Amino acid sequence: MNMKRRDFLKLSATGVATIILSSKLPGLGVTNAYAADQTLEVFITDALKDMVTHNEINTAQCYFWIYRMKANGVDVPPDCPGPTIMALKGDTIQIKIKNELDEDHSFFIPGLFDSGVIPAGQTYEGTLTASVSGSHLYYDRLNAPVNRVMGLHGALVVRPTAPAPGLNNKITPYDNPSTHVQSLFNEFGSSDCWPGLAWEQAGAGTPPTADENAYLTGNSYAPPFRTYVWLTHQASPRLFAEVGDYTAGLDYPAQQFVEKFLRSPFSATRQNYNPEYFTINGQSGFFSHFSPSITPMGRIGEPCVVHILNAGLWTHSMHLHANHFFVTGLNGVSNENPIWVDVYTVKPMDRIDYTIPFMRPPSIPCARSIGMPDAPLLTAGGNPVYPPVQEFDVYMPALGTTAFAENGVTPVELGQRMSPLCYPMHDHSEPSQTAQGGNYNCGLISGMYVLGDRNTPGQMNFPMDEDFSMMYRNTRGIGGVAGESGTHPAPGPRPEPA
Ligand SMILES: [Cu+2]
């Protein structure tokens, strides 16, 4: 059908763009963002995308149907999924949606918006009001699930403008937070468990002062309402091309699509229809792990919220290493019992919120860290009770501690660097860890980076490698062009221990 219209997607290294509906929305800590406080135009079209590596020698491509957008008349870089839309509750925008493909399509947000059927070549005009807080999936509901899984989907995140009623309540991501979710967010920033910042609270020094070395100081740079979106999807190049080539004006049979996508028989030559690419926000492998808009980065004491949405047909099971997370939102409802877990299942069409406390991972040897005494507790035998002796045998001394100098040899540095520390997030649904069924670690992964401890002065002084530096600056919008790490100066010398 539309193959002649398809175009190559030009991808940004920072990933899916963000459209901010409200001029009132304060700094989100995102670059690659576009304001749409006047108009939002949506084009339903198609595209070819380089998968996994985004480079010229890579021939792994996939055909998609996509929502391309214009915000206040400005082209937003197209991708599959569509741009992430951020709004404050009550925001309203005029939206114009043109169907450039040659069968019926739609734009649908359960409970918020329904364009109805938009015939080929037609344009729909209406009003989108962000009336319900939380995460939402926007998608094409026609010929379900074909049009959605072909790529016509994206995320909308709506944030409350005020806390729920109640004395000293802090703001949460929800209109009607459960008692326990409310008390969790109330605890952030004000308890022995989580000293640091409340979720809604920015660090002193934020908004940006373009301080290239802001990460070296205890009061720098933490945007308020630290929020991430993980929109998961699975792509089958062979099946999606077949849908693209299907008779113009006719819908590809939905049941046949699901059968081929989920239950193609094994093929030794891999000529079947199973998904070959597993993505977060359209990225995978290295590119999702090193995307500042996907991998949460922060210091101990800077809790963040991750909205997970599954637009595909595959069940995922997201597992985070650095911290257990609280499951605070379940499909639009604030969780009555925000359990603290390290893995949680995300089924097709699920909208699950992980709230990551950004506490110091308990496996990290540390002095003076959260929940730890200033000096190690000792057993009767004189060994520290923490870290466990079977793992470390010795208490980890502070940076700058040396040994063996008395023997006339070069002193050995015994100190353990606390930060930055890089942890993985991966999907426990094992096939999703591959690309094209074989390239392990090129699949649905991200991470969580700990950049220091805002509660422990002296723990901020660490050398920042170029990859951390690039992500830090992109996350906070400091200097340079988003994604162009080469424009940043090399990391500075290692500062003296405090
Ligand atoms: Cu693991």
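## Strands 26 and 27

In this predicted model, Pro 424 has Gly 447 of strand 27 as its bridge partner. That pair belongs to a wider setting. Strand 26 covers residues 421-427 and strand 27 covers residues 445-453. The two run antiparallel and are joined by six bridges.

## The five-stranded sheet

Strands 26 and 27 sit in an open sheet of five strands. The order is 16-27-26-18-22, and the pairing is mixed. Strand 16 (297-300) and strand 22 (343-346) form the edges. Each of these edge strands pairs on one side only. On average, neighbouring strands in the sheet are turned by 25° against each other, direction ignored.

Strands of a sheet pair through backbone hydrogen bonds, and the pairing may be parallel or antiparallel.

## After strand 27

Arg 454 lies in the loop that leads from strand 27 to helix 6 (466-476). Is Arg 454 buried or exposed? Arg 454 has 24 C-beta neighbours inside 10 Å, and the cut-off for burial is 20 or more, so Arg 454 counts as buried.

Arg 454 also illustrates a long-range approach in the chain. Pro 195 is 259 residues away from Arg 454 in sequence, yet their C-alpha atoms are 9.0 Å apart in space.

## The largest nonpolar core

The largest nonpolar core holds 103 residues. Ile 19, Leu 21 and Phe 64 have the most contacts inside this core. Strand 5 (residues 61-71) is the element that gives the most to the core: eight residues. Where does this core lie with respect to domain 1 and domain 2? Domain 1 (2-161) and domain 2 (179-229 + 281-358 + 420-482) both contribute residues, so the core lies between them.

Ile 19 shows the packing at the level of one residue. Leaving aside residues up to four places away in sequence, Ile 19 touches Tyr 34, Ala 36, Leu 40, Met 69, Ala 71, Val 76, Pro 83 and Ile 85.

## Helix 2

Helix 2 spans residues 179-187. Its buried residues are Val 181, Gln 182, Leu 184 and Phe 185. Viewed down the helix axis, the buried residues of helix 2 fall within an arc of 160°, so they line one face. The general geometry is familiar: an α-helix has 3.6 residues a turn, so residues three or four places apart point the same way.

What covers the buried residues of helix 2? The cover includes strand 19 (325-330), strand 20 (333-334) and strand 23 (351-356). Just after helix 2 comes Gly 189, with a positive phi of about 85°.

How values were computed
Residues numbered from 1 in each chain as written. Predicted model: local features only at pLDDT ≥ 70, side-chain atom pairs only at ≥ 80, totals over all residues. Pairing = 2+ DSSP bridges. Helix = DSSP H or I, 4+ residues; strand = E, 2+ residues; numbered from the N terminus. Axes fitted to C-alpha atoms, helices over the stretch in contact; angles between N-to-C directions. Core = buried A, V, L, I, M, F, W, Y, C linked by C-beta atoms within 7 Å. Buried ≥ 20, exposed ≤ 12 C-beta atoms within 10 Å, placed from the backbone. Domains from an automatic or database assignment. Contact = placed C-beta atoms within 7 Å. Arc of directions from axis to C-beta.
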